[in-house]
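Subject: Structure handover

Hello,

Here is the structure I promised to pass on. Please open it first, then read the notes below.

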Amino acid sequence: QVQLVESGGGLVQAGGSLRLSCAASGSILRINVMGWYRQAPGKQRELVATITSGGRTNSADSVKGRFTISRDNTKNLLYLQMNSLKREDTAVYYCNAEVLGFTEPTTRYWGRGTQVTVSS
């Protein structure tokens, strides 16, 4: 089994910054793509940004130029640096990872999420 635990969420004023972290642990042989998703009240979960094991990134147009995704492959950590936050960034942010286990096939896992609230 694999566990993903997010941290770093909180309340911030518009224009401020937050850094989210996600720690992966458990039966991990290799982590392929990792990503951040978010879900605002009354809306569907949406992609924020992804990053491959080789460092290739992809992000939603709404966060380009403001959010930066990165990872530490040696420690199975994922980060999301969020700058110039807007009220519309308010959501629960979820970590996602595609993991190949020692005894399990490649499986996508989700964290429980961390709340980000941006006030005006």
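Is Y37 buried or exposed? Y37 is buried, since its relative accessible area is 16% and the cut-off for buried is under 20%. Bear in mind throughout that this is a predicted model.

**The aromatic cluster**

Start with the rings. There are 2 aromatic pairs in the structure. One is formed by Y37 and W110: the ring centres are 5.0 Å apart and the planes meet at 65 degrees, so this pair is edge-to-face. Y37 belongs to strand β4 and W110 to strand β10 (residues 107-110), so the pair ties together parts that are 73 residues apart in sequence. W110 is partly exposed, with 37% relative accessibility.

Y94 and W110 make an aromatic pair as well. Their centres are 6.5 Å apart, with 85 degrees between the planes, and the pair is edge-to-face. Y94 sits in strand β9 and W110 in strand β10, so here the parts tied together are 16 residues apart in sequence. Y94 is buried, at 13% relative accessible area. Through these ring pairs, Y37, Y94 and W110 are linked into a cluster.

Now look at R45. It lies over the face of Y94, 3.7 Å from the ring centre. The charged end of R45 also sits over the ring of W110, at 4.6 Å from its centre.

**Strand β4 and its partners**

Y37 lies in β4, so that strand deserves a look. Of the 10 residues in β4, 7 are buried, and the strand is mostly covered. β4 and β9 run antiparallel, joined by 8 bridges. In this pairing G35 stands opposite N96 of β9.

β4 also pairs with β5, again in the antiparallel sense, over 5 bridges. There W36 has A49 in β5 as its bridge partner. The hairpin of β4 and β5 has 6 residues between the strands. In that hairpin G42 takes a positive phi, near 75 degrees.

**The nonpolar core**

Nonpolar side chains in soluble globular proteins tend to be buried together. The largest nonpolar core here has 31 residues. Which of them touch the most other members? They are W36, L80, M82 and Y93. Eight strands are worth tracing here: β1 (2-7), β3, β4 (30-39), β5 (46-51), β7 (67-72), β8 (77-82), β9 and β11 (114-119) each supply at least two residues of the core. The largest share, 5 residues, comes from β9.

Take M82 as an example. Beyond its neighbours within four places in sequence, M82 is in contact with G16, S17, L18, L20, R66, F67, Y93 and V116. Of these, Y93 is also among the residues that touch the most other core members.

**The disulfide**

Last, the cysteines. A disulfide is a covalent bond between the sulfur atoms of two cysteines. The count here is 1 disulfide. It joins C22 to C95, with 2.1 Å from S to S. The link of C22 and C95 is left-handed, with -75 degrees about the S-S bond. C22 is in strand β3 (residues 18-26) and C95 in strand β9 (residues 91-100). They are 73 residues apart, and the pair links distant parts of the chain. Both C22 and C95 are buried.

**Where to look again**

If time is short, view β9. Y94 lies there, as does C95. β9 pairs with β4 and gives the core its largest share.

Best wishes

Notes:
Residues are numbered from 1 along each chain as its sequence is written. This is a predicted model: local features need pLDDT of at least 70, side-chain atom pairs count only at pLDDT 80 or more; totals for chains, interfaces and linings use all residues. Side-chain values use heavy atoms; hydrogens and water are left out. A disulfide is a pair of cysteine sulfur atoms within 2.5 Å. Helices (H or I, at least four residues) and strands (E, at least two) are DSSP runs, numbered from the N terminus. Buried means under 20% relative accessible area, exposed over 50%, partly exposed in between (1.4 Å probe, protein chains only). A nonpolar core is a set of buried Ala, Val, Leu, Ile, Met, Phe, Trp, Tyr and Cys residues joined through side-chain atoms within 4.5 Å. Contact means heavy atoms within 4.5 Å. Rings of Phe, Tyr and Trp (its six-membered ring) pair if their centres lie within 6.5 Å; planes under 30 degrees apart count as stacked, over 60 as edge-to-face and the rest as tilted. A charge sits over a ring if NZ of Lys or CZ of Arg is within 6 Å of the ring centre and within 35 degrees of the ring normal. Two strands pair if DSSP finds at least two bridges between them.
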